[in-house]
There are 2 protein chains.
Amino acid sequence: MTDARIAHPALAARRMPADEAAALIAPGMTVGMSGFTGAGYPKAVPQALAQRILAAHGRGEAFGLRILTGASTAPELDGALAKVGGIDFRLPYQSDPELRARINAGLIEYMDIHLGQVAQYAWFGFLGRIDVAVIEVAGILPDGRLVPSTSVGNNKTWLDLADKVVLEVNRRQPPGLDGMHDIYYGTALPPERKPIPLLHPGDRIGEPYLKVDPAKVVAVVETDGPDRLGRFAPPDETSRRIAGHLVEFFRHEIRAGRLHEHLLPLQSGVGNIANAVLAGLREGGFGGLTAFTEVIQDGMLDLIGEGIIQTASATALSLSPEGVERFVRDIDTYRKRIVLRPQEISNHAELVRRLGCIAMNGMVEADLYGNVNSTHVAGTSIINGIGGSGDFARNGFLSCFVTPSTAKGGAISTIVPMVSHVDHTEHDVAVLVTEQGLADLRGLSPKQRARQVIAHCAHPDYRPLLQDYFDRALRDSRGKHTPHLLNEALSWHQRYLDTGSMKP
Amino acid sequence: MTDARIAHPALAARRMPADEAAALIAPGMTVGMSGFTGAGYPKAVPQALAQRILAAHGRGEAFGLRILTGASTAPELDGALAKVGGIDFRLPYQSDPELRARINAGLIEYMDIHLGQVAQYAWFGFLGRIDVAVIEVAGILPDGRLVPSTSVGNNKTWLDLADKVVLEVNRRQPPGLDGMHDIYYGTALPPERKPIPLLHPGDRIGEPYLKVDPAKVVAVVETDGPDRLGRFAPPDETSRRIAGHLVEFFRHEIRAGRLHEHLLPLQSGVGNIANAVLAGLREGGFGGLTAFTEVIQDGMLDLIGEGIIQTASATALSLSPEGVERFVRDIDTYRKRIVLRPQEISNHAELVRRLGCIAMNGMVEADLYGNVNSTHVAGTSIINGIGGSGDFARNGFLSCFVTPSTAKGGAISTIVPMVSHVDHTEHDVAVLVTEQGLADLRGLSPKQRARQVIAHCAHPDYRPLLQDYFDRALRDSRGKHTPHLLNEALSWHQRYLDTGSMKP
């Protein structure tokens, strides 16, 4: 019955098809699932569950779930469940088009919470009881411990807290993942908490395996499928210019004695700009770098492979098909340089502050005064979520936000008088970068910041409009600490909604 | 030459009048001063400096300074310097009417930064060179170490970083302060940082004295004056009702098993509501409590004296004249129960999270979705600043914000469709309390939060207006994740500016 992937006899005996496992999940339950940026999510049970929900709805029965994950998953999970109306409530970060559409139609309640705080929120009891955990693993050891998959996310927490556990053993995940993880079991509830003994990004402070009480495991489902493997376009001119400004800024800080030539642990959000920044560091001759971040994407994998990044800590691998190939081919090398941790640790305020991360995250828009919107279109529609940007921006050494200066072919300025939603306040934003330039907001008052942002970040099409708003606000605003014209502050967004463009 | 207060011979020899010390400070300098919530600020040199600035201005000479402190000071410092136009730039938190008026008139650049981040910002080099430190102490030991005064604030950082140091030795400060402080010298710059070895609010991890290189001390000025001793009105009915809701909530959480009967370390903002909450805990029979907070005010001092709060950690004492009397009378008892630390430690993200503080802070306004404005009137005029509310709200176990539901005799609703400035985002706010009730926002989506806020926090005069906005936003908003009508979202504030009332 047992084999190398499922080596625990009692758990091997609990193998069953996905639809039988899905039948163990009842309407109204709270289900904690694995998955972080399209990696390590369960691939069979959620789809079987969607079929079950569809059938129930066909019989006129209500069937909605509360779905908690690590972060974004894939069409097989969020997409499938959202499509059949099976999600009543969802947290945290998501990026699925079906799910997003239903959230923005008001059909699904979505809570956007800092990725580094989900686990403790669950342990505090603030998310209610966790009925079932559905967790993808790469294997089950003879003693019942679990070899984690390509993401760790909140798996430790869901396994510990859930009443019942469904395991998906994915034979497609490389066996060489074994030994790459570091699961820290030293967390506790206050007042019993102790310092987390991590001093360097590569420190191993836990153990390589997840634990689970075998008595709680009600089903083991075998799968053999790839993660959601995205493709990265090579960096375009805009991304390269943004990366160039940031790399130039790092050089400036090194010359000023404020940064070491090896920088500080890099945190880099997902997407093409992040990859361009990493490419820019390589081209700029940087070396001896480290990363303490959430996700390792192709761009970072390359630098790790080349030894430019010597050690990288993350909670997930989110690779392209080619990235997976490279990763599997050289997995013994990567295992020495990559540590995958629970997201509670990869994003922990204590560690981000201690290590002094250089936080680089994308944004939707920023305003004159340095407030950043990471999540909403025109204040009301969620895109993905705040992810870990707040964990790193608040606590890191440097908090950088990047975006092209316009969107929708120039119809949207990403620099606006007032952001339509605030995810990062003026208190938490140090550097803004667009392809136009870099605004260094450190140590500045709101008005001083506004001058930097207009001069360095705004697109030339919008710069005179922003300057005009700022000038009139300086003249007419009741208070002149943060000058605003309240009846005009959000008018650019309203104009976009009305006319399809922010331009007058 | 030496005496018990100034026991170091070389420093005793540098005694001089305040005006001579002030003459050592030149136009354009950056001056780090002591002072936190009206305690432990220098009382003579800033006033002499103001005279010097006034004279320079009289001669047609420019004379402005960059003034960095711990937090708010007093008329003798912020007031005197602001009045003569001597402050070009100021950080962090302030509360002086003269200073505030000039900031809001656009005459002074003010940077509002988390109190727990000022010191590291200075060490990172983000605030530029610190030319002079002007620090009040309670005494100078024979070996040159300094007995801190009634606040610690950023004094360690200013003393370490400044090129020159001016000490004010205030003979009015009780000698019994000696031994109450804990100055942690274990901080470092990344990548050399280590865990901060504090596990309980009362732990002493440093030493009782501040260090300074005697060679840097260019002046010692003797003073004999009281701190800015505010008076507290006894809690009014509104404050008592707010406190009552919060205490009832704590009881509910204890019954639900989410809180221990001794709660968790309390952080409590300044003001009458905070005092009312503490009084409510006493009346409710709570005991065995601890505090890990910024400021100890009369309300907390009472509970410490009675042993209801067994240990309190803070960075400043901000007492009434009667509070000072009680404090001095029983100082040997208080010294066993109170630890005064640098604000870098009292507000440290690592410690606030490890200890699991219960954060209770006042606010200006909150919106339907749980965003909180702590600092601005109608989006443009600063009141005081964010203080440490962000340090605690982001990292604590529970993040509670309190306010009466209306202001200006009912002309202002503190619950609004959209806040006019965001200091704490929807991601960082767990509980909102007004005299009307308590909204428990944990684990809720934006729309779920809105229903709680309208039902429990809004004043009955404004509740139908908020419900109407929410209903129409639900119907007409482009996105229905965070429903808003952008051309109306800030209209309540505009109406207040236009008519003096938010009521239509």
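Colleague: How many salt bridges are there between chain A and chain B?

Modeller: Keep in mind that this is a predicted model. To read a salt bridge, you look for a side-chain nitrogen of Lys or Arg within 4 Å of a carboxyl oxygen of Asp or Glu. Between chain A and chain B the count comes to 4 salt bridges. One example to find on screen is Arg354(A) with Glu350(B), whose side chains meet at 3.3 Å, N to O.

Colleague: Which helices and strands of chain A each supply at least two residues of the side that touches chain B?

Modeller: Quite a mix. Among them are helix H5 (97–104), strand E4 (109–110), helix H14 (349–355), helix H15 (389–395) and helix H18 (491–499) of chain A. H14(A) gives the largest share of that side, with 5 residues. Sorted by class, the side of chain A that touches chain B holds 34 nonpolar, 33 polar and 20 charged residues.

Colleague: And how many residue pairs are in polar contact across the interface of chain A and chain B?

Modeller: The rule finds 40 such pairs, counting residues at pLDDT 80 or more.

Colleague: How much area do chain A and chain B bury between them?

Modeller: Here you ask what accessible area the two parts lose on being put together, summed over both. For chain A and chain B that is about 7200 Å², with 54% of it on carbon and sulfur atoms. On the chain A side, Arg353(A), Arg394(A) and Leu486(A) lose the most area to chain B, together 12% of what that side buries. If you'd rather count residues, 87 of chain A are in contact with 87 of chain B.

Colleague: Let's turn to sheets. What is the strand order in the open sheet of 3 strands in chain B?

Modeller: The general idea comes before the case: strands of a sheet pair through backbone hydrogen bonds, either parallel or antiparallel. In this open sheet of chain B the order is E17-E16-E23, and the pairing is mixed. Strands E17 (372–373) and E23 (415–416) of chain B stand at the edges with a single partner strand each, so one side of each has no neighbour in the sheet. Strand E16 (residues 365–367) of chain B runs antiparallel to E17(B), joined by 2 bridges. One pair to trace is Glu365(B) with its bridge partner Asn373(B) in E17(B).

Colleague: Why is strand E12 of chain B described as largely enclosed?

Modeller: Look at burial. In strand E12 (residues 309–314) of chain B, 5 of the 6 residues are buried, so the rest of the structure largely encloses this strand. Now check its partners. Strand E10 (residues 289–292) of chain B runs parallel to E12(B), with 4 bridges, and Phe292(B) has Ser313(B) as its bridge partner. E12(B) also runs parallel to strand E14 (residues 338–340) of chain B, through 3 bridges. There, Ala312(B) is matched with Ile338(B).

Colleague: Which residues of strand E24 in chain B lie on each side?

Modeller: In a regular strand the side chains alternate between the two faces of the sheet. For strand E24 (residues 431–434) of chain B, Val431(B) and Val433(B) are on one side, Leu432(B) and Thr434(B) on the other, and all are buried, so both faces are covered.

Colleague: What does E24(B) form with E25(B)?

Modeller: A hairpin, with 2 residues between them. E24(B) and strand E25 (residues 437–440) of chain B pair in the antiparallel sense over 4 bridges, and one bridge matches Thr434(B) with Gly437(B). Strand E20 (residues 398–402) of chain B pairs with E24(B) in the parallel sense over 3 bridges, where Phe401(B) has Leu432(B) as its bridge partner.

Technical notes. Residues are numbered from 1 along each chain as its sequence is written. Chains are lettered from A and ligands numbered from 1 in the order in which they are written. This is a predicted model: local features need pLDDT of at least 70, side-chain atom pairs count only at pLDDT 80 or more; totals for chains, interfaces and linings use all residues. Side-chain values use heavy atoms; hydrogens and water are left out. Two strands pair if DSSP finds at least two bridges between them. Buried means under 20% relative accessible area, exposed over 50%, partly exposed in between (1.4 Å probe, protein chains only). Contact means heavy atoms within 4.5 Å. Buried area is the accessible area (1.4 Å probe) that two parts lose on being put together, summed over both. A polar contact is a pair of N or O atoms within 3.5 Å; within protein, one must be able to donate a hydrogen and the other to accept it, and residues adjacent in sequence count only if both atoms are side-chain atoms. Ala, Val, Leu, Ile, Met, Phe, Trp, Tyr, Cys and Pro count as nonpolar, Asp, Glu, Lys and Arg as charged, and the others, Gly among them, as polar.
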